[in-house]
Amino acid sequence: MNSYSIYGCKIVDKALLINDTLIISDLHFGYESSLNREGLMIPKHQYEEIVDNITDIQMDTQAKNIILNGDIKHNFGAIEKQEWREVLNFIDYLEDLFVNITIIRGNHDNFTQYILDKRDLKLEDYTIIDNYYITHGHKLPDRLPSDIDTIIIGHEHPSITLRSNQRTESVKSYLMGKWENYNIIVLPSFTPISYGSDILSQKTISPYLRDISDFEVIAIDNGEIYPFGSVKNLLSSMEEDIIE
């Protein structure tokens with residue numbers, strides 16, 4: 001499995017590795033049930049794909065710890081049966097694979113603590129590893145410790161859409177850039193169901209990402225890593241293609 005270094009971390013597929021800790025974001029367990037209610041009959045295969053993906057990454061990296069960086073479940077309101085079952089099963093699976101599990105609160109995690117109480121785990125608003133501050137990214141912190149230089153967020157679900165003639169393909173992506181005086185890394189969503197929001201055509205939603213024109217895009221596809229340069233250069237290339 002390929003890896004790629006950014007701000008002292010390693011990209012390994014949809015996970016970020018710091019020392020012996022993996023960070024993943026936006027699992028959205030229960031997403032299939034939500035889509036089914038909307039009339040989209042999506043088979044419930046997300047859980048198995050997530051477990052297989054993490055197993056491969058852990059075997060490749062030998063990481064001992066894992067951080068789930070928000071939006072563990074999908075629904076904002078009452079906890080669905082699928083969410084109860086899959087979140088608890090997932091925690092049990094992680095406990096067999098990792099020494100420590102840290103879970104960050106996301107904007108979809110209004111009721112996730114009720115599930116985690118069954119496993120004596122607590123939602124955190126953030127966690128810190130060395131000089132890295134890890135938080136979901138849907139709101140800004142009141143303050144940051146003085147020794148932090150890099151912020152790692154999820155929430156945005158960044159992707160880019162590549163076009164070749166009449167064919168288009170969306171790929172999940174990392175973003176790296178600056179917010180105020182801090183480095184910032186944006187994780188892709190770990191859910192296999194949705195590729196996310198195309199940062200080249202859609203507005204960003206995280207308050208950390210008001211202007212991403214100078215951010216670098218690192219796309220991932222089936223474990224392969226593709227640095228694409230800055231957002232503004234990608235947009236410029238798209239405009240040139242349209243003119244031609």
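Is N222 buried or exposed? Keep that one in mind while reading; a few notes on this predicted model follow.

1. N222 first. The residue comes out as exposed, its relative accessible area being 75%. You'll find N222 in the loop between β15 (216-221) and β16 (224-230). The backbone deserves a look too: N222 isn't a glycine, yet its phi is positive, about 55°. Most residues other than glycine have a negative phi.

2. Y7 is another non-glycine with a positive phi, here about 50°. This tyrosine belongs to the loop between β1 (4-6) and β2 (9-12). With a relative accessible area of 27%, Y7 is partly exposed.

3. On to the aromatics. The structure has eight aromatic pairs. One of them is Y47 with F90, an edge-to-face arrangement with 6.4 Å from centre to centre and 80° between the planes. This pair ties together distant parts of the chain, since Y47 sits in helix α2 (residues 46-61) and F90 in helix α3 (residues 81-97), 43 residues apart. Y47 and F90 are both buried.

4. F90 has a second partner, Y93. Their ring centres are 5.8 Å apart with the planes at 35°, so this pair is tilted. Here the two residues share helix α3 and are three residues apart, about one turn of the helix. Y93 is buried, as is F90. Add F29 and you have the whole group: F29, Y47, F90 and Y93 make up one aromatic cluster.

5. Another ring worth clicking on is F190. The charged end of K14 sits over it, 4.7 Å from the ring centre.

6. D71 caught my eye. It's a buried aspartate without a salt bridge, placed in the loop between β5 (65-69) and α3. The nearest side chain of opposite charge is K73, and that is 9.1 Å away. What does the side chain of D71 reach at 3.1 Å? It's the backbone nitrogen of N107. Leaving out residues up to four places away in sequence, D71 touches D26, L27, H28, G106, N107, H108, D109 and H136.

7. I18, in strand β3 (residues 15-18), has a relative accessible area of just 2%, so it counts as buried. Setting aside neighbours within four places in sequence, its contacts are C9, I23, I129, Y132 and I152. If you want a distance to check, the C-alpha atoms of I18 and A63 are 9.0 Å apart, with their positions 45 residues apart along the chain.

8. Now the charges. Side chains of opposite charge can pair when their charged atoms come close. The salt-bridge count is five. Among them is D125 with R105, whose closest N and O atoms are 3.4 Å apart. This bridge joins distant parts of the chain, from the loop between β7 (123-124) and β8 (127-129), which holds D125, to the loop between β6 (100-104) and α4 (112-116), which holds R105, 20 residues apart. D125 is partly exposed at 43% relative accessibility, and R105 is partly exposed at 32%.

9. D214 and K232 form another salt bridge, at 2.8 Å from N to O. This pair, too, links distant parts of the chain: D214 is in the loop between β14 (197-198) and β15, while K232 is in helix α5 (residues 231-243), 18 residues apart. D214 is exposed at 51% relative accessibility, whereas K232 is partly exposed at 43%.

10. Last, D117 and K122 meet in a salt bridge at 3.7 Å, N to O. D117 is partly exposed at 37%, and K122 is exposed at 54%.

Terms used
Residues numbered from 1 in each chain as written. Predicted model: local features only at pLDDT ≥ 70, side-chain atom pairs only at ≥ 80, totals over all residues. Heavy atoms only, no water. Phe/Tyr/Trp six-rings, centres within 6.5 Å; stacked < 30°, edge-to-face > 60°. Helix = DSSP H or I, 4+ residues; strand = E, 2+ residues; numbered from the N terminus. Buried < 20%, exposed > 50% of the residue type's maximum accessible area, 1.4 Å probe, protein only. Lys NZ or Arg CZ within 6 Å of the ring centre and 35° of its normal. Lys, Arg positive; Asp, Glu negative; His and termini not counted. Salt bridge = Lys/Arg side-chain N within 4 Å of Asp/Glu carboxyl O. Polar contact = N/O pair within 3.5 Å; in protein donor to acceptor, adjacent residues only side chain to side chain. Contact = heavy atoms within 4.5 Å.
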